[in-house]
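Trainee: I've got a model open and I'd like to learn how to read it feature by feature. Could you walk me through it?

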Amino acid sequence: MKIFTCGPVAMYPGVASVRSKGITYFRTPEYALLVKRCLKTLSSYIGNDVDESMIYMACSGTGAMEAAVENSTTARDKALVINGGTFGHRFCELLQYHNIEFESVSLKWDEKLEAKHLEPFEGKNYTILFVNHNETSSGQLYDLNLLSSFCKKNGMMLVVDAISSFLSDELNMKRTGIDLLIFSSQKGLCCSPGCSFISVSERMKDKMLNKERKNTTSYFDLRDYFLNMKRGQTPYTPAVMVIYEICSMIEQIEQTGGLNKWLTNIADKASYFRNKAKQIGYTVPSYPISNMLTPLSLKNIPADYIAEKLKTYGFMVSPCGGDLAKKIFRVCHLGATTKFDADLLLDALLEIKEGIK
Ligand SMILES: *Cc1c(COP(=O)(O)O)cnc(C)c1O
């Protein structure tokens with residue numbers, strides 16, 4: 001089965017093979033050095049040059065979302081969430097769970113985020129904004145410059161879940177004024193799941209380090225992570241093998257021309273697929289879309305039926321849940337899939353449209 005799913009994605013063979021070398025113990029100077037180098041490169045990929053500004057932990061992406069919520073806020077914060085789908089909704093649930101006062105900017109799944117949506121929240125003493133850069137459930141890529149200006153104007157901090165935009169779309173924490181950014185191993189990095197990363201601005205780090213402990217759970221108390229990272233370690237056992245995979249992936253990115261080349265390749269993959277899909281009669285939504293994926297729909301045939309039917313051709317794509325199940329399905333452009341694979345998938349999509357199989 002070829003996977004075109006929105007994470008995990010098809011791993012590159014060179015990366016997948018690092019596991020065959022076997023596991024090592026991690027509380028060693030060698031492992032610490034490896035981690036420090038790895039985090040330094042990853043920090044450069046997101047434009048954060050603040051020293052010791054990144055930590056990582058063994059958890060899925062949602063773990064990093066939760067750590068972000070509980071560590072970036074105190075009972076005095078008033079949060080705003082961009083909620084246009086599953087992942088925006090998840091931030092709302094996490095804030096609610098942790099008793100942080102919040103309001104959400106609710107968007108319909110296909111409604112483009114614009115300045116007018118933020119206007120009602122101007123000058124209302126909000127202190128922090130949470131957004132999923134790419135709302136993976138619809139693929140909408142929110143305008144971070146718009147959100148950043150809004151935050152600056154209103155004296156708010158900006159927290160960005162870049163789990164599905166990291167290594168697909170351009171990101172620069174410093175230039176954009178992002179205070180906290182998260183990503184994880186199984187999306188843009190095309191590695192196994194299990195490792196999540198948190199990168200912070202200077203002022204966010206200060207806020208976190210000076211926070212009262214009662215607001216955070218023990219496992220996710222980031223003060224322990226920042227303290228341990230001074231010596232390249234984590235308070236608890238990390239996903240050791242995933243770090244080896246990530247190091248191998250970084251090597252691959254560097255050897256194939258570096259970050260910008262990597263981003264250009266993904267953008268090319270996405271636009272090649274989108275254009276062809278449109279040519280054979282599929283519809284791509286009109287809101288801005290991340291290079292990570294393409295949401296598709298077809299008049300007269302339910303999206304979940306198409307996703308299911310594709311399995312008989314040997315392709316796995318991502319169906320949507322809830323209200324979107326019949327409306328769109330998503331094709332991911334990350335990972336070790338080639339133009340040839342994309343052509344075969346498009347052939348299958350054409351056959352399904354024509355009712356051949
Ligand atoms: C995949 C994803 C997550 C994390 O999902 P997990 O299943 O917990 O790894 C969070 N946010 C976004 C935007 C995602 O795409």
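Mentor: Sure, let's begin at the ligand. A nitrogen atom of the ligand sits 2.6 Å from an N or O atom in the side chain of Asp161. Keep in mind that this is a predicted model.

Trainee: Which other polar atoms lie at short range from an oxygen atom of the ligand, say in Thr136 or Gly61?

Mentor: For Thr136, a polar side-chain atom is 2.5 Å from an oxygen atom of the ligand. With Gly61, a backbone N or O atom does the job, 2.9 Å from a ligand oxygen.

Trainee: And how many residues surround the ligand?

Mentor: There are 13 of them, and the closest are Ser60, Thr62, Thr136, Asp161 and Lys187.

Trainee: Okay, helices next. How do I describe a packed pair?

Mentor: You give the angle between the two axes and the distance between them. Take H3 (residues 61-72) and H4 (residues 86-97): their axes come within 10 Å and cross at roughly 45°. That angle makes H3 oblique to H4. The crossing is right-handed.

Trainee: Which residues make the contact between H3 and H4?

Mentor: From H3 you have Thr62, Met65, Glu66 and Val69, and from H4 Phe87, Arg90, Phe91, Leu94, Leu95 and Tyr97. By type, that contact has seven nonpolar residues, one polar and two charged. Thr62 is worth a second look, as Thr62 is also listed among the closest residues to the ligand.

Trainee: Let me try H8 and H9. At what angle do their axes cross?

Mentor: Roughly 115°, with the axes of H8 (residues 202-209) and H9 (residues 222-229) coming within 9 Å. This crossing is left-handed. On the H8 side, Lys205, Met208 and Leu209 meet Leu222, Arg223 and Phe226 of H9. Those residues divide into four nonpolar, no polar and two charged.

Trainee: What should I look for in the backbone itself?

Mentor: Most residues other than glycine have a negative phi, and most peptide bonds are trans. Now look at Gly7 and Pro8: a cis peptide bond joins them, with omega about -5°. Pro8 is in the loop between strand E1 (2-4) and helix H1 (13-16).

Trainee: Where does Asn125 lie, and what is its phi?

Mentor: Asn125 is in the loop between helix H5 (115-118) and strand E5 (128-132). Its phi is near 65°, a positive value in a residue other than glycine.

Note on methods. Residues numbered from 1 in each chain as written. Predicted model: local features only at pLDDT ≥ 70, side-chain atom pairs only at ≥ 80, totals over all residues. Heavy atoms only, no water. Axes fitted to C-alpha atoms, helices over the stretch in contact; angles between N-to-C directions. Helix = DSSP H or I, 4+ residues; strand = E, 2+ residues; numbered from the N terminus. Parallel < 35°, antiparallel > 145°, perpendicular 65-115°, else oblique. Left-handed = near helix turned anticlockwise from the far one by under 90°. Contact = heavy atoms within 4.5 Å. Nonpolar A, V, L, I, M, F, W, Y, C, P; charged D, E, K, R; others polar. Near = heavy atom within 4 Å. Polar contact = N/O pair within 3.5 Å; in protein donor to acceptor, adjacent residues only side chain to side chain.
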